[in-house]
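The following exercises concern a single protein chain. Please work through each task with the sequence and the coordinates at hand before reading the solution.

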Amino acid sequence: MKLSDITIGQYFPGESPIHRMDPRTKLTLTMVYLIMLFTARNALALAVGVLFVLVSYPASGVSLRLILRSTKPVLPIIIFTGIFNLFLVAGEVVWSFWFLSITDEGIRVAAFMCVRILCLIAGSALLTYTTSPIALTDGIEMLFSPLKKLGAPVHEVAMMMTIALRFIPTLIEETEKIMSAQKARGADLESGNIFQRIRAMLPILIPLFVSAFRRAEELALAMECRCYHGGEGRTRMRILKVSWIDAAAVAFTAAFFSAVIAANIYAIDLAGMVSEL
């Protein structure tokens, strides 16, 4: 896997309807979509969630191939989850060897969980693909602004979250440069067993940490030179406004959520009819 395949936290500018949506709406609908996925209890309901992603990405102007690129870093977790459910879920045995056995229910649950994780990643990534870091900060701060009355540092937390997302592509690019420099000096980073590869990563990690701390210090100095003192009394050049695009997106998401609920109920009724027969 190439480090350039990691697209988490990257922003792709565009003029699509999803790009023009209010960041508060996108944050809220992303949470609703995650709830939608966890609400799905059968293959039909999950298929509705998959269809939601397949429709949303073309509407955003972002290539569907980015979904595959964004899943590469978490592919081992997806594979482990699938194998874990494949062998440890009870049901009718379809294959067995020694103490290992695969059941029909295990295959269904493993496929269900893997697709759900892929949809979670794709839906969450679409938020950062279509929302600039500044808009994302404003959206998070305004959504959680009621917590300010309880003394919560909403602006500072939103700023830290956005800076962390913004620095992911920067650190990936820095890591690639360090790896290229180490390979040019004769470092072997790809051969040997797992322990030898981990040991070979030390010449990369130390310069990377130094670079990350240096960038953090430069950012802090830049913010201080611009008289940044938190969100108190801060004004915004662009005022967030809800438009007809946001209303259409809410209606679109509500329709899919209703379809997921209907699919769950339909599957329960159908299962009851089959059991009676």
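**Exercise 1.** Determine which residues Arg20 touches, not counting residues up to four places away in sequence.

*Solution.* Step 1: apply the contact criterion, heavy atoms within 4.5 Å. Step 2: with residues up to four places away in sequence left out, Arg20 touches Glu15 and Ile245. Step 3: place the residue; Arg20 lies in the segment that precedes helix 1. Helices here are DSSP runs of H or I with at least four residues, strands are runs of E with at least two, and both are numbered from the N terminus.

The model is predicted, so local features need pLDDT of at least 70 and side-chain atom pairs count only at pLDDT 80 or more, whereas totals for chains, interfaces and linings use all residues. Residues are numbered from 1 along each chain as its sequence is written, and side-chain values use heavy atoms, with hydrogens and water left out.

**Exercise 2.** Is Arg20 buried, partly exposed or exposed?

*Solution.* Step 1: recall the classes: buried is under 20% relative accessible area, exposed is over 50%, and partly exposed is in between (1.4 Å probe, protein chains only). Step 2: the relative accessible area of Arg20 is 43%, so this residue is partly exposed.

**Exercise 3.** Identify the residues that touch the most other members of the largest nonpolar core, and the helices that supply this core.

*Solution.* Step 1: a nonpolar core is a set of buried Ala, Val, Leu, Ile, Met, Phe, Trp, Tyr and Cys residues joined through side-chain atoms within 4.5 Å. Step 2: the largest such core has 29 residues, of which Met21, Tyr33, Leu37, Val53, Tyr57, Tyr129 and Val260 touch the most other members. Step 3: at least two residues of this core come from each of helix 1 (23-39), helix 2 (43-60), helix 3 (65-71), helix 5 (104-129) and helix 10 (244-276). Step 4: helix 5 gives the largest share, seven residues.

**Exercise 4.** Describe how helix 7 (residues 154-184) and helix 9 (residues 202-225) pack.

*Solution.* Step 1: their axes, lines fitted to C-alpha atoms over the stretch in contact, are 10 Å apart. Step 2: the angle is about 140°, on a scale from 0 to 180 degrees between N-to-C directions. Step 3: helix 7 is therefore oblique to helix 9, since angles under 35 degrees count as roughly parallel, over 145 as roughly antiparallel, 65 to 115 as roughly perpendicular and the rest as oblique. Step 4: the contact includes Ile163 and Phe167 of helix 7 and Pro203 and Ile204 of helix 9.
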